[in-house]
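Hi,

Here is the structure I promised to pass on. Have a look at it first, and then read on for what turned up when I went through it.

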Amino acid sequence: MLLLNFLIKPFWIFGIDRTVQNTIAAEEYGIYFTLFNFSILFNILLDFGITNFNNRNIAQHKQLLAKYFSGIVVFKFLLAILYFAITFIVGFIIGYDSSRFQILLFLSINQFLISFLQYLRSNIAGLQLFVLDSLFSVLDKTLMIGLCAILIWGHLFEGEFTLMQFIYAQTLAYLLAVIIVFITVLLKAKKFKFRLNIPFLILIIKQTAPYALLVLTMTIYYRLDVIMIDYMLEDGEYQSSVYAQAYRLMDASNQVGVLFAGLLLPMFAFMIQKREKLDDLIKLSFGLLFIPAIVLAFVSFSYANDIMTLLYHTNIDDAVRVLPVLMFCFVAIASTYIFGTLLTANGNLKQLNFLAISGMILNVILNLILIPEYKALGSAIASLITQFVVLFAQIFLVKIIFKLKLNYKLLLSLISFISLLFITIWVFQKVELYFIYKVIFISLFALIFAISLRIINLKQMLQLMLNRGSTE
């Protein structure tokens, strides 16, 4: 699954999505990026934690597939009505015009199809059909890449490639993927009846409400930035496009963090249940996520202009200022995938919800202060401050709850690593070499430093992978 995701999703982000941004006007892509983020704001209403609930219950009680399948599908459609109503009411309050509502309609349909697809896949995963689920995990993006490639490079239609063609291609790809996976689940369930089971739905809502609140608040403070940029600035559409250019690299890096968190959650849960020592797994996972994140941040800081010039045709100067800030922001986000996942595995949703709400409020206040003065850069700074505040709060909570001691040896190793990395980058800046080769050499040196300083312990990594296999 990891290999397929590493191949398909980055190609979607850098091969297709980036090409679309380079093809259409900056302001037009800015509108798309703003409305795309807006359509995600309330997408927890489409799921309400059902996917995780269903995955867990089908895995434990496979005979309930037909019963759950019929009941949850109806519930998903009811939630879709709620999601569309709230999304469009808030859009109306903000003041979106008819052209924006047309885009928002299809982006909202896409969100519903994504959520429905994830739910359908939870049945496949619950049935332990992991190979099939791996293929389905990239089905939508594979279809989208094929359709968009035909539209962009195949010149199937007369005239220039348009934003709406890009959105329609996504809708069609998601719809085809949903149909394929729905038929597969139907064949496994053997029967399906469109019915409403209210006691069953109330049971799900009671169980998933804390988790749903956490996802909603975290989504808001992750996605609100670009919406505020668009709303607060006269050139908001252009600034949103600039933010999107820099955000793309962080988004691609984030895919690794999300996958890693998905692997960590059952491992942490298993070890907590067995009352096993967590220090080694925390240290190893921290090293595996923090090291690539800090290398990416320093490389982005040092070669921002080269990276942006390689990826884009316009708005380079503005995007160059935003990229390093967002990539240092990713250092905090990558670290929260470890500590946030550990707290989730331990059931500390009340504390996580408090942190998420606090982070959301802080992010809004900082955006209100910084966006009018610094525009897209100001919003990136607001994200950077918010993510590090949330990270330090999570570390503090983990230290208190799990009674962990400060690892001075690891802290000294990290300081040494960052110093060596800084010196290496400084040396390579003096060398006449194409920047891609410099980045490759810097990454290799960083890996050697991390292993030599035992921040990444290969033996420990192999042992934990073997232990994980025994928990499945």
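Let me start with one residue: D235 counts as partly exposed, at 26% relative accessibility. Its side chain meets that of K375 in a salt bridge, 3.4 Å from N to O. K375 sits in helix α14 (residues 349-401), whereas D235 is in the loop between α9 (198-232) and α10, so the pair links distant parts of the chain, 140 residues apart. K375 is partly exposed too, with a relative accessibility of 30%. One caveat before going further: this is a predicted model.

**The overall picture**

The protein has 17 helices and 0 strands. Its radius of gyration is 23 Å, close to the 23 Å that the globule rule gives for 472 residues, so the protein is as compact as a globular protein of that length. If you are setting up a box, the C-alpha atoms fill one of roughly 65 × 60 × 40 Å along the principal axes.

Of the 472 residues, 53% count as buried. The accessible surface comes to about 22,500 Å², and carbon and sulfur atoms account for 69% of that. As for the contacts between residues at least 6 apart in sequence, 84% of them join residues at least 24 apart.

**Charges and salt bridges**

On the charge side, there are 33 positive and 24 negative side chains. The centres of these two sets lie 20 Å apart. Side chains of opposite charge can pair when their charged atoms come close. How many salt bridges does the structure hold? The count is 6, and besides K375 and D235 a few deserve a look.

Take D17 and R248, which form a salt bridge with their closest N and O atoms 2.9 Å apart. D17 lies in helix α1 (residues 2-23) and R248 in helix α10 (residues 236-273), so this pair ties together parts that are 231 residues apart in sequence. Are the two partners buried or exposed? Both D17 and R248 are buried.

Then there is D47 with K76, where the closest N and O atoms are 3.6 Å apart. D47 belongs to the loop between α2 (26-41) and α3 (50-60), while K76 is in helix α4 (residues 65-94), so the salt bridge ties together parts 29 residues apart in sequence. D47 and K76 are both buried.

There is also a network: R100, D230 and E237 are joined into one by salt bridges that share partners.

**A buried lysine without a partner**

K141 might interest you if you are thinking about protonation states. You will find K141 in helix α7 (residues 139-153). K141 is buried yet has no salt bridge. Which side chain of opposite charge is nearest to K141? That is D140, 4.4 Å away. The cut-off for a salt bridge is 4 Å between a side-chain nitrogen and a carboxyl oxygen. Leaving aside neighbours within four places in sequence, K141 is in contact with I8, K9, W12 and Y174.

**Two backbone oddities**

Most residues other than glycine have a negative phi. Two residues here go the other way:

- R275 has a positive phi of about 55 degrees although it is not a glycine. R275 is in the loop between α10 and α11 (279-302), and it is exposed, with a relative accessible area of 78%.
- K403 also has a positive phi of about 55 degrees without being a glycine. K403 is in the loop between α14 and α15 (408-429), and its relative accessible area of 70% makes it exposed.

**One more lysine**

Finally, K283, which is in helix α11. At 25% relative accessibility, K283 counts as partly exposed. Setting aside neighbours within four places in sequence, its contacts are N407, L410, R454 and I455. K283 and F402 are 119 residues apart in sequence, and their C-alpha atoms are 14 Å apart in space.

That is what I have for now. Shout if anything is unclear.

Cheers

Definitions and conventions:
Residues are numbered from 1 along each chain as its sequence is written. This is a predicted model: local features need pLDDT of at least 70, side-chain atom pairs count only at pLDDT 80 or more; totals for chains, interfaces and linings use all residues. Side-chain values use heavy atoms; hydrogens and water are left out. Helices (H or I, at least four residues) and strands (E, at least two) are DSSP runs, numbered from the N terminus. The radius of gyration is taken over C-alpha atoms; the globule rule is 2.2 Å times the number of residues to the power 0.38. Buried means under 20% relative accessible area, exposed over 50%, partly exposed in between (1.4 Å probe, protein chains only). Contact means heavy atoms within 4.5 Å. Accessible areas come from the Shrake-Rupley method with a 1.4 Å probe; for residues, only the protein chains shown count as cover. Lys and Arg count as positive and Asp and Glu as negative; His and the chain ends are not counted. The place of a charge is taken as NZ of Lys, CZ of Arg, CG of Asp or CD of Glu.
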